[in-house]
Amino acid sequence: MNYLSVEQLTKSYGDRTIFEDLSFGIDQGQKVALVAKNGSGKSTLIRCLMGEEPYDSGRVVFRNDINISYLQQADDLNPENTIYEEVFDHDLPKLNVFKKYSKAVRDNDEEGMANLFEAISELNAWDLDSLVEQVLSKLKLDNHEAKVSTLSGGQRKRVALAKVLISEPDFLFLDEPTNHLDLDMIEWLEEYLSKSKSTIFMVTHDRYFLEVITDVIYELEDQQLYRYKGNFSYYLEKKAEREENRAIEVGKARSLFKKELQWIRRQPKARGTKQKARTDAFEGIKKTANQNIDKEELEIPIKMERLGTKILELHNISKSFPGLKILDKLSYTFKRQERLGIVGPNGVGKSTLLRIITGEEQPDSGKVVIGDTVVFGYYSQANIEVDENMKVIDVIREVAEFIPLEKGREMSAAQFLEKFLFPRSMHYNYVYKLSGGEQRRLKLMKVLMSNPNFLILDEPTNDLDIYILGVLEDYLKNFQGCLIVVSHDRYFMDKMVDHIFVFEGDAKIKDITGNYTVYRDKLKAELLEDQAERRFEKAQSAKAPVEKEAVKTVPKEKEKRKLSFKEKQEFEKLDAEVEKLETEKENLTLVLSSGEVSSDELNEASKRLGELMLELEEKTERWMELAEYA
């Protein structure tokens, strides 16, 4: 069943065409993602579909009888509402009835509750209470009576997300849904959406999201739309095939172009029909032959200041705010080529530690010792601080005209901009004309252009598209200095770091060897172990009195509980299978933490690890059941 049909949609700003003649459709139950470079018009396309912005020509047709919800990047919440009032602020019968019933319950209005009982049952709205509690709890919006006007930007974004999820729409539009969510929230949302019956159309740069949730990916490139029927791994594979085929096509066109160009030059002005047809065809060949298909990885042999023996030492660092302890006598010595990731819920002090390291904030006690050779490059979450009337090239030149490379070579500011996907045509654009993602990319470039040997990146992936994330990952892969990354991007963390500080709150910090996936696997293993232990204890405590009673009434009960021959075989087989799965899990963990595998191999290993964990849990539970009687 078709939910959305888009025909020949065109949008432009002045003389700049954003997209032209886009046609596509979305069917019921599909989970679709749109990927494109920043500034290509992803958010513009969603706004056009939702009627938030006019388009030049074309048609957008939704099925009539469906409920649609839209999470946009800039929220449109009522500041006078409480969180609870805002999430129920929908003109939907089910929510309206439940809202009235909830008010009657709070007011202890028995007559009102009785009058609404039948309507609640007819609309099957009894499950809304548990849904609301689950969503608000997972998004850490516990103070339901807090006014929207008192919330931070991140909290408002989470309220907006809760609002669209609670409406349980038939069709859900999401524009960067993971922004302002911590890792636990992102993983919960990923699981929630993957199980949701809603049809979904989303824009996101979270590559694990694209891997787990989506079954169709649209790519907007050069004003054209390409469709890939699969998840992110499939998209990467088929995109590579498409680009390879395109390169072959362009190569043939260039060869033919040279031949036809010679013919054109030899001919007098075309008069015959055949000559004119060949001349017209030449223009199409020329257009194909002139396509730019060159793509290069970002391997920049930068000559950075060599780090000395002493790099960075933290000696008994403590830091607290009223009612919140951040650090408690933290000591750590950084080594050469350190690649540290920092994770944890919002508000536990991750950014505070970075500001203490860079000297922007002072600890309550303790000492930070920085080596003489250290040159920090600090990318913070704050917006870019430059004159919006400056030109892009001047922002970079303000830092340096050239960046020194190995063997006495140099790279100009213009060349560096091109490496980070700012084409020459954008170098003289004014900063105020850039999209939010392009401005953050420019800020990141300012940090990198200063040629640091100790990079500190606080949420560097926010608002960056998957293309520039690939460029940044290529750069950092070849970076020989120290690196500290705070990020909610699991894919990025898996590729960039080799150990992790886990901020658990109340100044508790764990140092985990391995990348983010290794850390999450350890958590899952610990959780499974705890659950198994609790089940075993529960079974043992319930078993004792039952067995005592069984001795009086059924003397042969104990014999019946012995393993049968078939169960013994199953038990022995499970023993070997669990051991084999544990070995495979260790091997996959090593692959994921090595940092030496390709994106495809990383995706494949991560996918297999998820399947393996479920299989291991199931077999371990069965093994423990049989072990009681073995």
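This is a short chat about charged side chains in a predicted model.

Reader: How many salt bridges does a search of the whole structure find?
Author: The search finds 29. Bear in mind that the model is predicted.

Reader: Let's take Arg242. Which residue does it form a salt bridge with?
Author: Glu219. The closest N and O atoms are 3.0 Å apart.

Reader: Which elements do the two lie in?
Author: Arg242 is in helix H9, residues 232–266, and Glu219 is in strand E8, residues 216–221, so the pair ties together parts 23 residues apart in sequence.

Reader: Are Arg242 and Glu219 buried or exposed?
Author: Arg242 is buried, and so is Glu219.

Reader: Next, Arg63. What does its side chain meet in a salt bridge?
Author: The side chain of Asp65. The N to O distance is 3.0 Å.

Reader: Why does Arg63 count as partly exposed?
Author: Because its relative accessibility is 33%, and partly exposed covers the range between under 20% and over 50%.

Reader: And why is Asp65 exposed?
Author: Because its relative accessible area is 57%, and exposed means over 50%.

Reader: What about Glu418? Which residue is its salt-bridge partner?
Author: Arg424. Their closest N and O atoms are 3.2 Å apart. Glu418 is partly exposed, with a relative accessible area of 34%.

Reader: Switching to networks. Which residues are linked with Arg207 in a network of salt bridges?
Author: Glu473, Asp489 and Lys495.

Reader: Where does Glu473 lie?
Author: In helix H15, which covers residues 466–477.

Reader: Why is Glu473 called buried?
Author: Because its relative accessible area is 3%, and buried means under 20%.

Reader: What joins the side chains of Glu473 and Arg207?
Author: A polar contact of 2.6 Å. Both residues also belong to that salt-bridge network.

Reader: New topic, the surface. Which residues form the negative patch?
Author: Glu526, Glu529, Asp530, Glu533 and Glu537.

Reader: Pick Glu537. Which helix is it in?
Author: Helix H17, residues 516–553.

Reader: Why can Glu537 be part of a patch?
Author: Glu537 has a relative accessible area of 46%, so it is partly exposed. That value fits the patch rule, which asks for over 30% and no salt bridge.

Reader: And Glu473 again, for contrast?
Author: Glu473 is buried at 3%, whereas Glu537 is partly exposed at 46%. Glu473 sits in a network of salt bridges, while Glu537 helps form the negative surface patch.

Terms used: Residues are numbered from 1 along each chain as its sequence is written. This is a predicted model: local features need pLDDT of at least 70, side-chain atom pairs count only at pLDDT 80 or more; totals for chains, interfaces and linings use all residues. Side-chain values use heavy atoms; hydrogens and water are left out. Patches are made of residues with over 30% relative accessible area and no salt bridge: like charges are joined within 9 Å, nonpolar side chains (Val, Leu, Ile, Met, Phe, Trp, Tyr) within 5 Å. Accessible areas come from the Shrake-Rupley method with a 1.4 Å probe; for residues, only the protein chains shown count as cover. A salt bridge is a side-chain nitrogen of Lys or Arg within 4 Å of a carboxyl oxygen of Asp or Glu. Lys and Arg count as positive and Asp and Glu as negative; His and the chain ends are not counted. The place of a charge is taken as NZ of Lys, CZ of Arg, CG of Asp or CD of Glu. Helices (H or I, at least four residues) and strands (E, at least two) are DSSP runs, numbered from the N terminus. Buried means under 20% relative accessible area, exposed over 50%, partly exposed in between (1.4 Å probe, protein chains only). A polar contact is a pair of N or O atoms within 3.5 Å; within protein, one must be able to donate a hydrogen and the other to accept it, and residues adjacent in sequence count only if both atoms are side-chain atoms.
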